[in-house]
Structure formats: structure tokens, C-alpha cells
Amino acid sequence: AQLDVLDLAVLAVLLAGTVAYFTKGTYWGISKASQVSPSSSATGPIKGATRDVIEKMQETGKDCVIFYASQTGTAEDYASRLAKEGHSRFGLNTMVADLEDYDYDTLDTFPSNKIAMFVLATYGEGEPTDNAVEFYEFITGEDVTFSDPDDSEAPLHNMKYVTFGLGNNTYEHYNAMVRRVDLALQKLGANRIGTAGEGDDGAGTMEEDFLAWKEPMWLALAEAMGLEEREAVYEPVFKVTEREDLTAEADNVYLGEPNKNHLEGLSKGPYNAHNPFIAPIAESRELFTAKDRNCLHMDIEISGSNLSYQTGDHLAVWPTNSGKEVNRFLEVLGLTSRSHTVIAVKSLDATAKVPFPTPTTYDAAASYYLEICGTVSRQFVASIAPFAPTDTAKAEMTKLGNDKDYFHERVAEKYLNIAQVLEKVEKSQKWTGIPFSIFIEGLHRIQPRYYSISSSSLVQKNKVSITAVVESSQISGSPEMLKGVTTNYLLALKQKQHGDPNPDPHGLSYAITGPRNKYDGIHVPVHIRHSNFKLPSDPSKPIVMIGPGTGVAPFRAFVQERAEQAKAGENVGKCVLFFGCRRKTEDFLYQNEWEEYKKALGDNFIFVTAFSRDGPEKVYVQHRLREHAQLIDALLQDRGYFYVCGDAAHMAREVNSTLAEIIAKQRNINEAQAEDIVKTMRARNRYQEDVW
Ligand code: FAD
């Protein structure tokens, strides 16, 4: 009889002793801090795996390692693409490495005939991503020490490396992570090959920046390492086997469960980015009165989970794809009749981790594990072209893959997901020739989405509130709507909670009760992400908060907290909140609550509104800021804190320059001096942003 894959996995571990990871770990693995279980299953790193990357490369015969620092999965995706390309075009033996999985004190022994690549996203205010904090601190540290210190040469003189950064020019510290790491590596004597690439999400050119950077990089690398280009052939990274001996009902088949604990029904903590808590939704309601737009308020129960939060933290919600998109994906691939067929996914490369638990089914992979609705890259389309069902479809896919403008017009501008692209290119014939491994390699695994917690932990310790606007917009020139994955899922949960047996917001339906009905009774998988966006520890310090739209979320928490402190007789400083929305009668969030807080805080709460569509002129929060220039400046001079939350692209930037303008005028100094004051406030944490 055929061995069960889990048995095989266990055997492999016993034989090899150390086989690193079977999954990509970030979501289905167990963090370093919690390597307690789930034994050595297909769901987590294996205890004892080496943290020495050079040893790992030697063990597995690799000559190129691509490290990634990723928050939302894009950097990780680019790293995988570089790995594949390096192998298929240049015969490099490549491996992708999560920065969190290794230590760095042996980098000084990095061999000169190997290459390290760093694909590094910058997060928030020029910070490293969560998985790169330790690496960043190590490499940029004042006195970085390696395991084999040799004073005669720069420690990394043997190391050749390339870098690409993912950033957003609307943030002050654009691509700070890659710039600082690049500098640090050079300071340590490492030799960069090619230019340090930078992609700009703010300008919407990330993908094209990446593509434009990587071609000359490959040429420079080929020259530096004496590589020869060869005809690229697709080699799957994963072996996907249909398991006819197993049915979807079998106990060991993952139908969407995040990891083995969940599969076995023993969901247990610690709950974190690798292990979500299936949380009951205590209450859900809508906050807008407008018919065509929805904004949700949800109270999510965390009691009994051992999860805790502090005012200003984020809640991460683990989404489910809509039935409509799952069906479209399976249909176009000709998998509808086999959607519940059990598949076992095995990595063909010891360093590549299967990004979800296995065995599973096509339906579960599309519903719970893969980001099937996300942005499609040109490179991904090109990689599918050879497997098109007809010559015409193949030619069209090749054209889309090669022609930047054509791709932009036909795919990017229309926000098509991968199944929509395939449907558009060829609908009458199914795309049955595409190896499923391509999707596992090419689509991100589904990412949790973050929400700024809109409750105070002082007031509701065990109940986390979120305030989420539902993404739904008409795509210009297309009958399709762009529908946010998570927010429509949450809307469906809200509708179900309010008695709709089969909710289908915007024509979408969801597997609301989750795998094996484990989310029944209105539950949602979540974890908490701690943030630095915090109230001053001294409640008597004044605070100025700018939060238009859902940017008001954390400020509801701040004001709630200060009102509670005031009720308890504490000396509470002035709280000034600038809120903006379209119309007073449509999208005025928490309109009645502010009055309650006012009762508790009295004159210490000043609430300023800007309704952009209620009057003849559009009024935004920045305009209101100018009108209250004197008050703001006085509060800031009185050791006040300034907070901005919401839209990063426009609002946060404009608020920043408006504040500098205000300071310049009020203090009678020039703009450059005022900008320096704002910078110093940021450096001292007296100007904090929570923007997206
Ligand atoms: P998604 O499916 O992720 O789509 C979001 C956007 O991605 C779309 O509008 C579109 O621009 C793009 N997109 C999606 N699919 C495609 C495609 N196929 N092609 C091209 N583009 C595509 N939101 C809130 O409402 N409230 C909050 O308090 C809040 N706090 C946040 C705090 C932080 C730190 C961060 C990072 C984000 C926060 N957000 C908040 C935003 C939130 O995390 C989600 O991004 C948002 O709710 C949309 O999620 P979604 O899954 O519904 O949409």
C-alpha cells in the first residue's frame, strides 16, 4: 500500500536528520518562540534544522541564496521568482531564505564563488519587516561580530551580493531598509554586483521597477560569476500528486485548517502570525448609511485565547476567498469536477517549503491557501504561456508577458486576477496543461490583512474592535467590480450574524463556516500584531489626532481610553481629533459616540470635522488643521503628541507638510526650520503615523 505522505514526511526527517522546513513557515509554521508542536508534521519547521545558511547551502549544494524581508508577501514572491530564473536561465542552484530562519554571524565565511541576494521590503516608517528585525539589527549594528573574526581583512570581503528593495515613495524613509543594509554590507567589505534596485509602490511601478532592474543585474552577475545563459525550461518546484487513496473526508486531509493543531481540533496557543485564533465575533454592525458603500464595526472576542493587545495595536484577519473566484479559478483550469480530489504537495527541493499544509484539496488550496485574487505579474503570465491550450492563446500570453504597455492596458489597468486573465485569453477551452506547481510557486499564499484596533485595551481588554471599509469599486471600462477579499468576507460574516442564511455580498459567497464547519457560530481566524503607535504614557500630555475615514479607527480607541481615564479621576490632557468624511449623513463614523466621550472629557475633547461633499467647496482635514493652527502649535509646544492615521498616499503626506507650514507661520521661522522640527518630532516619537 502507498505510504501516507505524513508517514513519508516523518521518515524523511528520521533519515535526513535535518530537512529544514516543509512549509514556508510564515503562516503554517510555528515560530521560533513556539517550537512546541505540531511535531514534525508537514506544517512547521523541524526542530534542530540548521540556522547557519552557509552550512545549509553546502548541505544542499546551492550556490545562490535569496534572502527576503517580506511583510505582505511581495518580496517573498520576488525572491522565489529570482530563484527560479537563476536556475532555469543560468543553471544556478538557488535557494530562497526567510531572514528569520537564519543567524548571520557566519556570513564572514560566505564563499567567494557563491552569491547572496537580498530582496528587502521597507515597512512603515523606514522599519524592517517583522521577519527581518534581527537581521537588520545585526548587520547595521555598531560592533557587528562574526563567528570567525579576522582583523586583517574586512569580514565580508569574500561575499558577492545583489540587492533589490521594495518601498513606497509616499513614506518619508523611502526604501530605507535596502539602502541601510546595502551600506552596511559595503562597510563590512561585501561586493555588490549591479545596481541596488528599488521598486516604488507609491508610484505603482513596483513590478516594472523589478523587471527593469533584474535584466542588467543578471548580465552583471553572469559576467562576475562566469555564468552562461541557457534556454530556460520550466522545472516544477513542487510535485503535486492526486491521491486517489484518500477522500476529502479523511482525518489527515487539510480542508483549509491553518496547521496541524487546527486539523486535529486541538487549536491551542500561543496564537500569532503562524497560528491564528479562531475568534468569535461578539458583535457586528454597519456604520455607513449610504446604500452603495459599507463600513463594518466588529467586536472580536479574545478571552480565553491568551491573546492580549494594547491600545494602538493591529488585528490581523485571515481571509477566505469568495466562492465565485474559487469557482472561476477551478473552472478555467478544468478542475471543477476534481475540486475535492485530494492532492499531496511535495517539495522537489529541500530548501523550498510547501506554502500550505498537505495533503489538501484543490478547493481548499484555492479557498484558504492561495491569493488567487491578487495582482498578476507580467512574468507570471509569461511563465504560463508555454502551457496555453491553443497556439493563439500561447501567442497572446507571450505578448502580454513581453509587452509592458499591452499588459498594462489589458491586465493591470483592469485589475484582473489570474483566472480572469486566463478566461479573457481563452475561455472556450480549459487550461488543463498548466502544472499546478506553477500556481503554488507563482501566487502568494493568502495574506492576513491588518486592521488598526479601534477599541481601548483599558476599556475592553478581551474584546477587540475593528473598523473596516468594504472594498468594492467598479473597474473602469469593464463590467467587473474589484472586490476586496477580506472586507467582503467580513461583510458576509456580518450578514450571516444578522440572520441571512446565505450571505452573498456583491454577488460573492463564502465558506463562512470554515473548514469542517470549524468557524461555525460566526468565528474568524485572527492574530494580534503589536505596533509602536501608542498614546503617551502620561495621560496629561496633549494629543492631536488626524484620522479621516477609517483612519479614525485607532483614535476611537485613544479617545475611549482617555475618557475612561477622565472618569477615573485622572488628569487628562487636551485631545483634539480631526475627522473627515464625505457627508455628515452618510459616512460619519461613530457620530453618537463622540458625544459620549465629550461628556466624560468636557473641554479637554475638541472634535473637528471636515465633510468633503457637504458644501460648495471640498473641505479636507488639512484645511481644518490650518484653521486651528494656533491651537495645534500651542499644544505641540506644550509637549503634545501628533498622530496621523489612514491614507498614506495623499493624506498623510499633506498633513505632514501642512503641519510644517503651521509651525513655520506660528513660530515665525522658515519652512526648512519647521520641517526640521517635524523631523525631530518624528525621531522622538512625538509624531506618529499608522498609515496604509
Ligand atoms: P484586497 O483584496 O486586499 O484588495 C485591496 C486592494 O488591492 C484593491 O483595492 C486594489 O487596489 C488591489 N488589488 C486587489 N486585487 C487586485 C488585482 N487583481 N489587480 C490589481 N490590484 C488589485 N483598513 C480599514 O478599513 N481599517 C483599518 O483600520 C485599517 N488598518 C490598517 C492598518 C495597517 C497597518 C494596514 C497595513 C492596513 C490597514 N487597513 C485598514 C487596510 C486593510 O489591511 C486592507 O488592506 C483593506 O481592508 C483591503 O483588504 P481586502 O482584502 O478587502 O482587499
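How accessible is arginine 285: buried, exposed or partly exposed? In this predicted model, arginine 285 has a relative accessibility of 29% and therefore counts as partly exposed. The partner of arginine 285 in a salt bridge is glutamate 593, and the closest N and O atoms of the two are 3.8 Å apart. The pair connects distant parts of the chain, since glutamate 593 belongs to helix α17 and arginine 285 to strand β9, with their positions 308 residues apart in the numbering. Glutamate 593 has a relative accessibility of 16% and so counts as buried, the cut-off being 20%.

Further salt bridges were examined in the same way. The total number of salt bridges is 39. Side chains of opposite charge can pair when their charged atoms come close. One such pair is formed by glutamate 396 and arginine 410, at an N to O distance of 3.8 Å. This contact also links distant parts of the chain: glutamate 396 is in helix α11 (residues 391–402) and arginine 410 is in helix α12, 14 residues apart. Arginine 410 counts as partly exposed because its relative accessibility is 29%. Another salt bridge, between glutamate 627 and arginine 624, has an N to O distance of 3.1 Å. Both of these residues lie within helix α18 (residues 621–627), where three residues, or about one turn of the helix, separate them. Glutamate 627 is exposed, with a relative accessibility of 52%, whereas arginine 624 is partly exposed at 21%. Salt bridges with shared partners additionally join Glu85, Arg89, Lys214, Glu215 and Glu229 into one network.

The ligand was considered next. The ligand is surrounded by 24 residues, of which Tyr450, Tyr451, Glu471, Thr486 and Thr487 are the closest. By residue class, the shell consists of eleven nonpolar, ten polar and three charged residues. Strands β14 (449–452) and β15 (463–469) and helix α15 (485–497) each contribute at least two residues to this shell. The greatest contribution comes from β14, which provides four residues.

Polar contacts to the ligand involve both backbone and side-chain atoms. A polar backbone atom of cysteine 373 is 3.1 Å from a nitrogen atom of the ligand. A polar backbone atom of valine 485 is found 2.9 Å from an oxygen atom of the ligand. In the case of threonine 487, a polar side-chain atom is located 2.6 Å from an oxygen atom of the ligand. The ligand taken alone exposes 970 Å², and the protein buries 80% of this area.

Strand β23 (residues 687–691) is mostly covered, as five of its five residues are buried. In a regular strand the side chains alternate between the two faces of the sheet. In β23, Tyr687, Glu689 and Val691 point one way, while Gln688 and Asp690 point the other way. The residues on both sides are buried. Strand β22 (residues 641–646) runs parallel to β23 and is joined to it by five bridges. Within this pairing, cysteine 645 stands opposite aspartate 690 of β23.

Backbone geometry was examined in several loops. Glycine 269 and proline 270 are joined by a cis peptide bond with an omega of about 0 degrees. Proline 270 is located in the loop between α7 (260–263) and β9 (277–286); strand β9 also carries arginine 285, the salt-bridge partner described above. A second cis peptide bond, with omega near 5 degrees, runs from threonine 358 to proline 359. Proline 359 occupies the loop between β12 (342–347) and β13 (360–361).

Positive phi values were found in two tyrosines. Tyrosine 415, although not a glycine, has a positive phi of about 55 degrees, and this residue lies in the loop between α12 (404–412) and α13 (418–425). Tyrosine 590, likewise a residue other than glycine, has a positive phi near 55 degrees. Tyrosine 590 is placed in the loop between β20 (575–581) and α17 (591–601). With a relative accessible area of 5%, tyrosine 590 is buried. Helix α17, which borders this loop, is also the helix that contains glutamate 593.

Conventions. Residues are numbered from 1 along each chain as its sequence is written. This is a predicted model: local features need pLDDT of at least 70, side-chain atom pairs count only at pLDDT 80 or more; totals for chains, interfaces and linings use all residues. Side-chain values use heavy atoms; hydrogens and water are left out. Buried means under 20% relative accessible area, exposed over 50%, partly exposed in between (1.4 Å probe, protein chains only). A salt bridge is a side-chain nitrogen of Lys or Arg within 4 Å of a carboxyl oxygen of Asp or Glu. A residue is near a molecule or strand if one of its heavy atoms lies within 4 Å of it. A polar contact is a pair of N or O atoms within 3.5 Å; within protein, one must be able to donate a hydrogen and the other to accept it, and residues adjacent in sequence count only if both atoms are side-chain atoms. Accessible areas come from the Shrake-Rupley method with a 1.4 Å probe; for residues, only the protein chains shown count as cover. Ala, Val, Leu, Ile, Met, Phe, Trp, Tyr, Cys and Pro count as nonpolar, Asp, Glu, Lys and Arg as charged, and the others, Gly among them, as polar. Two strands pair if DSSP finds at least two bridges between them.
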